[in-house]
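Dear colleague,

I am handing over the structure below for your study. My findings follow directly after it, and I would ask you to read them with the structure open.

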Amino acid sequence: MKETICTIPINDIFEVKEGCPFCRMYDMLENQYATFITGSAMMDPETRVATNEKGFCKKHFQKITQVGKRLPNALILQTHMQKILEDYFPKNTHSKPDKKKLQALQDMQHTCYICDRIQHDVEHFLRTVFKEWETNPQFRKTYQEQEFICLDHYRMVSAISLKGVPAKHQADFHQDTADLAKKQLQLLIEDTTHFCKMFDYQSRGMDWGNSRDAIERDLRFLAGIPLPEEPKPEE
Ligand SMILES: [Zn+2]
Ligand SMILES: [Zn+2]
């Protein structure tokens with residue numbers, strides 16, 4: 001696989017301190033790849049062969065059509081579907097289902113050009129994060145000051161840190177990472193409990209506190225679903 005064509009400015013991502021930094025990194029990569037595929041790479045034979053073969057997951061089919069123009073999208077989809085027709089459908093459909101072909105189709109449906117590229121980039125990005133956290137006290141502080149780390153990225157980053165962080169620093173790095181996820185989880189449990197309590201008649205007139213959007217924040221933590229955009233103030 002070609003070296004990454006997308007750049008991840010690690011300081012820009014960690015400076016924001018709102019939400020999960022690794023979700024911000026994913027968003028940035030998804031946008032960059034969707035723009036790349038439907039833009040300059042659309043006519044690049046190597047990329048087209050790969051997108052024809054792999055296709056995209058549901059999320060990234062939606063992404064490329066949101067980000068790219070109609071014609072590049074139609075061209076990408078047309079050759080991808082042509083490939084599906086050739087590779088997975090029998091010439092004569094009046095035949096028993098071909099187990100091998102169905103299995104191959106299922107495998108293809110679970111691959112995604114963008115997911116695969118991102119997976120590769122993330123490992124690269126995490127090596128930089130580990131290195132910075134180890135050697136740069138300012139970055140370590142910025143890391144600790146993140147709003148939270150979501151559940152999925154807590155698991156992923158912790159697992160990869162076992163390979164990427166030297167053994168003597170693994171407990172410290174895990175503490176920084178786990179604290180960001182655990183504190184958020186505890187906060188969400190509190191807010192969600194309060195939210196539920198507000199439906200009790202005995203709570204009538206009580207303050208909702210921070211609990212009004214507890215469900216939305218739960219989903220952001222549990223499944224990476226972004227908070228709904230706040231209505232823009234009238235100009
Ligand atoms: Zn995340
Ligand atoms: Zn995908």
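Ile-225 is found in the segment that follows α11 (214-223). Please keep in mind from the start that this is a predicted model. Ile-225 counts as partly exposed because its relative accessibility is 40%, and the range for that class runs from 20% to 50%. Together with Ile-215 and Leu-219, Ile-225 makes up a nonpolar patch on the surface. The accessible area of these three residues together is about 240 Å².

Ile-225 also appears in the description of the largest pocket. Empty space of this kind can be found by rolling a probe the size of a water molecule over the atoms. The volume of the largest pocket is about 1100 Å³. Its lining consists of 36 residues, and those that lie nearest the centre are Cys-23, Asp-27, Gly-224, Ile-225 and Pro-226.

Which helices each supply at least two residues of this lining? They are α2 (21-38), α4 (58-67), α7 (113-135), α9 and α11. The largest share comes from α2, with six residues. Sorted by class, the lining holds 15 nonpolar, eight polar and 13 charged residues.

I turn next to the salt bridges. As a general point, side chains of opposite charge can pair when their charged atoms come close. How many salt bridges does the count come to? The count is nine, and three of them are described here with their surroundings.

The side chains of Arg-220 and Glu-147 meet in a salt bridge, with 3.6 Å from N to O. This pair links distant parts of the chain, since Arg-220 belongs to helix α11 and Glu-147 to the loop between α8 (137-144) and α9 (151-164), 73 residues apart. Is Arg-220 buried or exposed? Arg-220 is buried, because its relative accessible area is 13% and the limit for that class is under 20%. Its partner Glu-147, by contrast, has a relative accessible area of 36% and is therefore partly exposed.

Another salt bridge joins Arg-155 and Asp-152, whose closest N and O atoms are 2.7 Å apart. Both residues lie in helix α9, three residues apart, which is about one turn of the helix. Arg-155 has a relative accessibility of 51% and so counts as exposed, the cut-off being over 50%. Asp-152 is at 41% and so counts as partly exposed.

Elsewhere, salt bridges that share partners connect Lys-17, Lys-141 and Glu-145 in one network. Within this network, Lys-141 forms a salt bridge with Glu-145, and their closest N and O atoms are 3.0 Å apart. Lys-141 is partly exposed, as its relative accessible area is 43%. Glu-145 is likewise partly exposed, with a value of 34%.

Finally, please look at Lys-168, which is placed in the loop between α9 and α10 (170-197). Its relative accessibility is 68%, so Lys-168 counts as exposed. How many ångströms separate the C-alpha atoms of Lys-168 and Lys-59? The separation is 39 Å, and the two residues are 109 residues apart along the chain.

I suggest that you find each of these residues in the structure as you read.

With kind regards

Technical notes: Residues are numbered from 1 along each chain as its sequence is written. Chains are lettered from A and ligands numbered from 1 in the order in which they are written. This is a predicted model: local features need pLDDT of at least 70, side-chain atom pairs count only at pLDDT 80 or more; totals for chains, interfaces and linings use all residues. Side-chain values use heavy atoms; hydrogens and water are left out. Patches are made of residues with over 30% relative accessible area and no salt bridge: like charges are joined within 9 Å, nonpolar side chains (Val, Leu, Ile, Met, Phe, Trp, Tyr) within 5 Å. Accessible areas come from the Shrake-Rupley method with a 1.4 Å probe; for residues, only the protein chains shown count as cover. A salt bridge is a side-chain nitrogen of Lys or Arg within 4 Å of a carboxyl oxygen of Asp or Glu. Helices (H or I, at least four residues) and strands (E, at least two) are DSSP runs, numbered from the N terminus. Buried means under 20% relative accessible area, exposed over 50%, partly exposed in between (1.4 Å probe, protein chains only). On a 1 Å grid over the protein atoms alone, a cavity is a set of points where a 1.4 Å probe fits but cannot get out, and a pocket is an open set with protein on both sides within 12 Å along at least five of seven lines; lining residues have an atom within 4 Å of a point. Grid points are joined across faces, edges and corners, and a volume is the space filled by probe spheres set on the points. Ala, Val, Leu, Ile, Met, Phe, Trp, Tyr, Cys and Pro count as nonpolar, Asp, Glu, Lys and Arg as charged, and the others, Gly among them, as polar.
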